[in-house]
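Reader: I am new to this structure and would like to know what stands behind the words used for it. Please set each value against its definition.

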Amino acid sequence: MRAAKQAPSVGKASPAKKTPSAKKAASAKKAPAARKTAPAKKAPAAKKAASAKKAAAVKKAPAPRKQVVAPQKATAAVSASPARTVDPHPRGESRTALVRRARRIDRELAEVYPYAHPELDFENPFQLVVATVLSAQTTDLRVNQTTPGLFARYPTPEDLAAANPEAVEEILRPTGFFRAKTKSVIGLSKALVEQFGGEVPGRLEDLVKLPGVGRKTAFVVLGNAFGRPGITVDTHFQRLVRRWRWTEETDPDKIEAAVGALFAKSDWTDLSHHVIWHGRRICHARKPACGACPIAPLCPAYGEGETDPEKARKLLKYEKAGQPGQRLKPPQAYLDAGGRPAPPLGAG
């Protein structure tokens, strides 16, 4: 009976003898795990090498060289996914890179709109300053359709200064805000007669003293009537330079300063025309025609509008869509390029 009882105890003791071998087996099992952890130590170095290769690839990547000078040619380029050539992080670009990109955009637009010009009809500085004041809160086309009647009746500052306000209001009614505009044009005409001998001054500090004339209007007059460089920061200009990330400023004066610093002063007036023309014809406020845009490969905002080439082409305006422009009497260069003059007020 005692031997029978001792048998289980012997059976229980045998695992105890196997304990050292079990420890060896356990350590043997742990060894491969230790070997597996070795590559984990090398992971940071691998990541650094990978990041270094990516950085080198970015540095070596050449800037896109493809020149697209017209919406018709741009359609094919845009359909080939131009977003691939767009810098996904333009806010991180250097000052030098920003200047180069901005100037390249202007060069591209100069080829697309070689006939760009002020879109207000005028024959002298007086007509231009009045037309520019009237263009607030309306289109240049509407102003061009209205000013022939105004200047036929009041051809000089002396005539407009002595005009009956009610008669002027009736002429200016189609431009909107006609009472305020009547007050401005009569007021600036009186100021021209009393302070400048009936002549429009050619200095910024004098122009901004005239009723209804701010920096934007003054630069339109200086650049297009006197040939003195200036940047016209209208709503189109503000919208596009922010889309292109030339600046993040929202104040017109700060935008003028920021953009002006990217270009030579001699380029300011033509730059204004190029940007404004592009904003009116292709890069619209609500629905840009991205799929028909000749500078799509350079635009950080590509994709905000319609990217399908056929649908985008339907969004084009004025001569880009085969339609009349805004001037009743446009320059010959515009007509030679295929542009069509606008119809007079009341024409079907």
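Author: What follows goes through helices, burial, contacts and empty spaces in turn. This is a predicted model, in which local features need pLDDT of at least 70 and side-chain atom pairs count only at pLDDT 80 or more, while totals for chains, interfaces and linings use all residues. Residues are numbered from 1 along each chain as its sequence is written, and side-chain values use heavy atoms, with hydrogens and water left out.

Reader: How many helices and strands does the protein have?

Author: The protein has 16 helices and zero strands. Both are DSSP runs numbered from the N terminus: helices are H or I with at least four residues, strands are E with at least two.

Reader: What makes a residue buried or exposed?

Author: Buried means under 20% relative accessible area, exposed means over 50%, and partly exposed lies in between, with a 1.4 Å probe and protein chains only. Of the 348 residues of the protein, 44% count as buried.

Reader: Why is Gln238 called buried?

Author: The relative accessible area of Gln238 is 16%, so Gln238 is buried. Gln238 is found in helix H12. Leaving aside neighbours within four places in sequence, Gln238 is in contact (heavy atoms within 4.5 Å) with Val233, Thr250, Pro252 and Ile255.

Reader: Why is Glu304 called exposed?

Author: Glu304 has a relative accessible area of 52%, so the word exposed applies. Glu304 is in the loop between H14 and helix H15 (309-313). Not counting residues up to four places away in sequence, Glu304 touches Arg243, Pro288 and Cys290.

Reader: What makes the pairing of Glu304 and Arg243 a polar contact?

Author: A polar contact is a pair of N or O atoms within 3.5 Å; within protein, one must be able to donate a hydrogen and the other to accept it, and residues adjacent in sequence count only if both atoms are side-chain atoms. The side chains of Glu304 and Arg243 make such a contact at 3.4 Å.

Reader: Why is Asp308 called partly exposed?

Author: Asp308 has a relative accessible area of 31%, so partly exposed is the term. Asp308 also lies in the loop between H14 and H15, and its side chain reaches the backbone nitrogen of Lys311 at 3.0 Å. Asp308 and Gly291 are 17 residues apart in sequence and 5.2 Å apart in space, C-alpha to C-alpha.

Reader: How do you know that helix H5 is largely enclosed by the rest of the structure?

Author: Nine of the ten residues of H5 (residues 125-134) are buried, so the description follows. Among them are Phe126, Leu128 and Val130. The cover over the buried residues of H5 includes helix H6 (140-153), helix H9 (178-196) and H11. At the start of H5, a side-chain oxygen of Asn124 reaches to within 3.1 Å of the backbone nitrogen of Phe126.

Reader: Which residues of helix H13 are buried, and what makes them line one face?

Author: The buried residues of H13 (residues 252-260) are Ile255, Glu256, Val259 and Gly260. Seen down the axis of H13, they fall within an arc of 120°, so they line one face of the helix. That arc is taken over the directions from the helix axis to the C-beta atoms. H11, H12 and H14 are included in what covers them.

Reader: What makes an empty space a cavity or a pocket?

Author: On a 1 Å grid over the protein atoms alone, a cavity is a set of points where a 1.4 Å probe fits but cannot get out; a pocket is an open set with protein on both sides within 12 Å along at least five of seven lines. Lining residues have an atom within 4 Å of a point. Grid points are joined across faces, edges and corners, and a volume is the space filled by probe spheres set on the points.

Reader: How many cavities of 30 Å³ or more does a search of the whole structure find?

Author: The search finds two. The largest cavity has a volume of about 100 Å³. Of the 14 residues that line the largest cavity, the closest to its centre are Cys283, Pro288, Cys290, Cys293 and Cys299.

Reader: What classes of residue line the largest cavity?

Author: Its lining has eleven nonpolar, one polar and two charged residues. Ala, Val, Leu, Ile, Met, Phe, Trp, Tyr, Cys and Pro count as nonpolar, Asp, Glu, Lys and Arg as charged, and the others, Gly among them, as polar.
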